[in-house]
Amino acid sequence: MSGLAKAFREKLERAATVGTLSVKADTLSGDGTRKWLFDIGGGSAIETVFIPEETRGTLCVSTQAGCAMECVFCSTGRQGFRRNLSTAEIIFQLWRAERVLRASGGARAGHRVITNVVLMGMGEPLLNLDNLLPALRLMLDDDAYGLARRRVTVSTSGIVPMMDRLAAECPVALAVSLHAAYDELRDRLMPVNRKYSLASLLAACRRYSARSPRDFITFEYVMLAGVNDGERDAAALIALLSDVPSKVNLIPFNPFERSGFSRSTSDVIKRFNDRLNVAGILTTTRRTRGDDIDAACGQLAGRVAFR
Ligand code: SF4
């Protein structure tokens, strides 16, 4: 960097380091899904997953090592919390994946390999918002990655005040991990609900809608056999989402060791899906991708052993 002024070089030297994370594992699934395990030091590792589809390539990025939210059906939640990722560690995942995929011929000329980023890997992104916001701005900046706001999605388990802050400071697409449509059940599945109830969460979603680059909020709903997949649950969900522009993603549960839950049958998932669609809520069932490499939703870090 000899082209830079000496004083500025010295300032940079004091303020910044140039480095990269080492790769502990790089796994390719039979369906093209690719998962990296990056060493972040101190015995911790994070995971990043690329999911190729016909018309887009989605990168699922982690924001924390582990997660403090303790959702009982989630493999990452069972691992406990280690630490927040820095802005550099968050943006590194995109930088690294883009480079590797490009080098391995994943891009057609003039096309991006990674067209969408979802902050849905390990961790609760909104509990690391100070580090996440600069990373989001780099993803959106035309001089960096230049992704459209609606192609970057932040997922949250429902940290209400931080949803308002995200809306005010960097409104990108929002996905809410809902997983239950009434408080009594959500309190049990997701302890965050004891602090921010469904009523306050849905009110925050309505406020967010006014700033969202998409005309809907995505609600994630994992299908747990006999727990949240019945007629009562479908009816409660329809009522709950009646005045929020919504899209629902049903996620067939991916069992992991000692989870204590099992996946709803395909028939039950289809019935639930149809019930919501008939009620006018756009609903899709997520195809399980990459489950041969533990990269499907809720399986991230399932096999990462913290020392
Ligand atoms: S579902 Fe999300 S918020 Fe809940 S424990 Fe897992 S990673 Fe954390």
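How many nonpolar, polar and charged residues are in the shell around the ligand? I opened the notebook with that one, keeping in mind that this is a predicted model.

**Ligand shell**

I sorted the shell by class and got four nonpolar, three polar and one charged residues. Then I wrote down who surrounds the ligand: Cys67, Met69, Glu70, Cys71, Cys74, Gly77, Gly123 and Ser157.

**Cysteines**

With Cys67, Cys71 and Cys74 all on that list, I went looking for disulfides and came back with zero for the structure. Next I asked myself whether Cys67 is buried or exposed. Cys67 has a relative accessible area of 10%, so I logged it as buried, the cut-off being under 20%. Cys74 comes out at 16% relative accessibility, and therefore Cys74 goes down as buried too.

**Core**

I turned to the largest nonpolar core, which holds 85 residues. Which of its members touch the most others? My list reads Phe73, Leu119, Leu136, Met139, Leu166 and Phe219.

I picked Leu166 for a closer look and left out residues up to four places away in sequence. On those terms Leu166 touches Leu126, Leu129, Leu133 and Leu136, along with Val154, Pro171, Val172, Leu174 and Tyr208. Leu136 caught my eye, as it is a contact of Leu166 and also sits on the list of core members that touch the most others.

**Rings**

How many aromatic pairs does the structure hold? I found five. One of them is Phe253 with Phe261, an edge-to-face pair at 6.2 Å centre to centre with 75° between the planes. I checked burial for this pair as well, and both Phe253 and Phe261 are buried. Elsewhere in my notes, ring pairs join Phe38, Phe92 and Trp95 into a cluster.

Last entry: I looked up what lies over the face of Tyr182, and the residue is Arg232, at 3.9 Å from the ring centre.

How values were computed. Residues are numbered from 1 along each chain as its sequence is written. This is a predicted model: local features need pLDDT of at least 70, side-chain atom pairs count only at pLDDT 80 or more; totals for chains, interfaces and linings use all residues. Side-chain values use heavy atoms; hydrogens and water are left out. A nonpolar core is a set of buried Ala, Val, Leu, Ile, Met, Phe, Trp, Tyr and Cys residues joined through side-chain atoms within 4.5 Å. Buried means under 20% relative accessible area, exposed over 50%, partly exposed in between (1.4 Å probe, protein chains only). Contact means heavy atoms within 4.5 Å. Rings of Phe, Tyr and Trp (its six-membered ring) pair if their centres lie within 6.5 Å; planes under 30 degrees apart count as stacked, over 60 as edge-to-face and the rest as tilted. A charge sits over a ring if NZ of Lys or CZ of Arg is within 6 Å of the ring centre and within 35 degrees of the ring normal. A residue is near a molecule or strand if one of its heavy atoms lies within 4 Å of it. Ala, Val, Leu, Ile, Met, Phe, Trp, Tyr, Cys and Pro count as nonpolar, Asp, Glu, Lys and Arg as charged, and the others, Gly among them, as polar. A disulfide is a pair of cysteine sulfur atoms within 2.5 Å.
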